[in-house]
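Reader: I am new to this structure and would like to understand the terms applied to it. Please set each value against its definition.

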Amino acid sequence: MRRNGTTLTLGHLRRLRTFIPALFLLGLLALFLSGCDTDTPQNTFDPKGEVADKQADVFYWSMWPAIVIMTIVLGGLLVIMLRFRERDPEHVPPQVHGNTRLELAWTIAPAILLLAIGIPMVATIYDLGRPPSEDAFRVDVIAQRFTWEFQYPEYTDEDGKPLSVFDQSGFHIPAGREVAFYLHSVDVIHSFWLPKLGGKLDVIPGRTNVLWLRADEPGTFSGQCAEFCGLFHADMTMKVTAQPQEELDAWAAEMLQ
Amino acid sequence: MASIAVPKRSPLSEALKGARRAAENSSSIWSWIATVDHKRIGILYGISAVVFFIVGGVEALLLRLQLAQPDANFLDPDAYNRLFTMHGTTMVFLVVMPLSSAFFNLMVPLMIGARDVAFPRLNAFSYWTFLAGAIFLNASFFTGDILNGDLGAPGGGWFGYAPLSLREFAPGHGMDFWMLGLQMFGIASLAGGFNFIVTILNMRAPGMTLFRMPVFVWMTLVTSFLIIFAMPVIAVALFELTFDRLFDANYFNAEAGGNPLLWQHMFWLFGHPEVYILILPAFGILSEILPTFSRKPLFGYAFVVFSGVAIGFMSWGVWVHHMYTTGLGTVANSAFGISTILIAVPTGVKVFNWMGTLWGGSIRFRAPLMFAVGTVAMFTIGGLSGVTHSMVPSDYQQNSSYYVVAHFHYVLFGGAIMALFGGIYYWFPKFTGKLMNEPLGHLNFWLMLIGFNLTFFPMHISGLLGMPRRVYTYNSDMGWDFWNLMSTVGAFLIALSVLVFLYNFFLSLRRGKESGPDPWDARTLEWSLPSPPPEYNFKEIPTVDSRDHFWNTKYREDETGRVVPVLAGGVVEPEEEHGDDDEHGHGIHMPSPSYMPLIASIGFPIVATGLIYDYALVPVGFALILIGLFGWVMEPATEED
């Protein structure tokens, strides 16, 4: 009885083993699909502005070829493992030392493919790397562990001091207009990041980096510090609301009261 | 030896001689402490690395527990920050580098037909200095009020960005321990790097030209060159940080005219070659395992070697890809963007050549092969995700996010660590004479592969969903809960796989099957020796006539081109080795054990402790270093009888 049971289990296990990789991949795929909730506040796949849009495009140019190559390599490995598995322990295959033509091909082909995605990449670097345009709306961002401060030189009080906002969830910018963020740090290095509007730029003491972004539509955008800055780095978050210019002006006037 | 004028024996030199005698007895603990045998030093490196792998792994599990759920309070932010700093530092400097060093030490002399490395005592000095630094760094935990959960360890991240690492923002001594500990690893690595370059260039057996060397030896050579050029860069950066922290210099203080970005440039100018210091030894291991288990020579030896060399060169021209978001401008970002995507070319060549090696082979599904093929697959994913964020504009989104965490774990865990595990399974029999348990090895592999993917694949997603790295917690409305929970579950699966490994290791050590000299029917010289090899390795230094010298003693091609075994081939050599018992290698002079490297190494942590707490200790430490070095120079290399 016992022996029978044991043989059965072993047989089952052996048959199961061949399916482990397939089961594993299927499981991953299922999990991947079940967890795909795109409606999250900092999703980089859900761009809401020109900059984030173009950056997502660049990502797709490299992501799709990467997925194709991954499939070829992983699938190829699987096929090779099955096809060339040892059948006869005495068998010694022909001792092939290489194939120069083939190897040259898989040196040159990837180089061409990489340069092919590299050229539009450089174009996008220059496209997004230009200085902000003349009519951009200027905001001075002051990062201090572990809060953000937005200063609005366009809105000043009677003494000529710019409007300053410390409310971490109450920052405002115009929608549909380029915004130039002038980034200042008073202590350590931080990084200014509003994922749905665009990638990050570091906020470095002793220098002023300038990042321009544009929110296509009104909305509220979530962001946070992306360079480790100490104890409460995780809590250095912000909410930025983009709204039409008139509403923004009204908001600023009210704030200055 | 008698020709050297030895001054009149003092009691001290008599005592030292007595101690060395004690170390000659190969079963005493002193024989390990004073050893200069490359195999023993390799084993010491390996054991230390595995111990620290467990330490770094426990740190990772604590981090994952904190992140398993949003708004968790398992760790306070301070503890979290210190633990991720120590996790990163430990895994890079105390696990992957020393584990690679273990293989350099164990394998290189055997593979090139040498009796030891060029400088055996310098080799011992490397190990002890590494261990001194490792213990010193981890001692920082106890400088805080650890019983109340207040860890004293460094908390500035493993790349220690200034000005966060300066005294103003990192009070306490954690970062002091970090920078001085790293300096010690640098000294240890430099000594090792020079040692292996000299060994490989000068001590190859007759006939073993550079292009007949096993690829693992080639990768050791490239790695050693990277080490000797990269370590001085980080040494300078660390000296500057030391001056900033201890003596109020202002290298990195913007307010006083310093430049915080200077640190980043120097750190990554070291740090990117460092990445290849971590991965190239793994590539070397793969290039040994895959041919053995597919019973074919490595496909395209020259391409694999030259792509490794090319990676070594190119690794110096890509460091700014860690700094795309610092605002260096369009020209710098474009240039480094292009250089970074092009480093994928030589890396891809290796992957394709490994596939070519397997193609047409007769593949034996043994544990080392499973780890090797798993590594190729995981490294491919890591390499491809690397290409996606070498693309500068998309990196603006992914930099410092969990996407990057996913990427470098695919490269350094799926790549380096898995390959190193494969190496352990592969060469375990050579040094113990026992085979590791095969079913447990497969269980180890599958648990690790699944746990690894479950941990790190979701990090791609959480990163693209905007989760920054190094956050001690997150809000539940961000959509990251599910992915983080998965990562935590996966991390515990990895932990389980490591437990299986440890069980297998000790079980096999005690009750493993006898392996014999050449259990895998392998191709390289070390398998021509008995397992474990005698202290002097080769009784007679072999003369090498081809790349597959050892294989050719076992197999030849018949008239039709079929590969057939040579009758009584291969097995002859070990038999000869045992043949004349009366000789037993007594005529071979091996360097005597020495305590001097250890004495010199102990000086370093004393100097470092002195710099932090009391300058009076500094001269004491330096005195010890000098005593060690002088004793080393003065003592006879081989004991007179």
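Author: B:H589 is found in the loop between helix 18 (572–579) and helix 19 (596–613) of chain B. Helices (H or I, at least four residues) and strands (E, at least two) are DSSP runs, numbered from the N terminus. The model is predicted: local features need pLDDT of at least 70 and side-chain atom pairs count only at pLDDT 80 or more, while totals for chains, interfaces and linings use all residues. Residues are numbered from 1 along each chain as its sequence is written, and chains are lettered from A and ligands numbered from 1 in the order in which they are written.

Reader: Why is B:H589 called exposed?

Author: A residue is buried if 20 or more other C-beta atoms, placed from the backbone, lie within 10 Å of its own, exposed if 12 or fewer, and partly exposed in between. B:H589 has 12 other C-beta atoms within 10 Å, and therefore counts as exposed. In space, B:H589 is 8.3 Å from B:Y536, C-alpha to C-alpha, although the two are 53 residues apart in sequence.

Reader: What makes B:D71 exposed and B:D521 partly exposed?

Author: B:D71 has 8 C-beta neighbours inside 10 Å, so it counts as exposed. B:D521 has 17 other C-beta atoms within 10 Å and is therefore partly exposed. B:D71 lies in the loop between helix 3 (38–67) and helix 4 (77–112) of chain B, and B:D521 in the loop between helix 16 and helix 17 of chain B.

Reader: Why are the phi values of residues other than glycine remarked on when they are positive?

Author: They are remarked on because most residues other than glycine have a negative phi. Phi is near 50 degrees in B:D71 and near 55 degrees in B:D521. Phi is also positive, near 55 degrees, in B:D248, which follows helix 7 of chain B.

Reader: Which omega values go with the cis peptide bonds at B:P163 and B:P532?

Author: Omega is near 0 degrees for the cis bond from B:A162 to B:P163, and about -10 degrees for the cis bond that joins B:S531 and B:P532. Most peptide bonds are trans. B:P163 is placed in the loop between helix 5 (120–139) and helix 6 (174–202) of chain B, whereas B:P532 is in the loop between helix 16 (481–511) and helix 17 (549–552) of chain B.

Reader: How do you know that the length of helix 7 of chain B agrees with the expected span?

Author: The expected span of a helix is 1.5 Å times one less than its number of residues. Helix 7 (residues 215–247) of chain B has 33 residues and should therefore span 48 Å; its end C-alpha atoms are 46 Å apart, which agrees. Helix 9 of chain B, with 14 residues, reaches 20 Å from its first C-alpha to its last, close to the 20 Å expected.

Reader: Why is helix 8 of chain B called roughly antiparallel to helix 9 of chain B?

Author: Axes are lines fitted to C-alpha atoms, for helices over the stretch in contact, and angles run from 0 to 180 degrees between N-to-C directions. The axes of helix 8 (residues 260–294) and helix 9 (residues 301–314) of chain B come within 11 Å and cross at roughly 175 degrees. That makes the two helices of chain B roughly antiparallel, a term for angles over 145 degrees (under 35 is roughly parallel, 65 to 115 roughly perpendicular and the rest oblique).

Reader: Which residues of helix 8 and helix 9 of chain B meet?

Author: B:Y276, B:L280, B:F283 and B:S287 in helix 8 of chain B meet B:V304, B:G308, B:I311 and B:G312 in helix 9 of chain B. Two residues are in contact if their C-beta atoms, placed from the backbone, lie within 7 Å. The buried residues of helix 9 of chain B include B:Y301, B:F303 and B:M314.

Reader: What makes chain B as compact as a globular protein of its length?

Author: Chain B has 20 helices and two strands. Its radius of gyration is 25 Å, close to the 26 Å that the globule rule gives for 641 residues, so chain B is as compact as a globular protein of that length. The radius is taken over C-alpha atoms, and the rule is 2.2 Å times the number of residues to the power 0.38.
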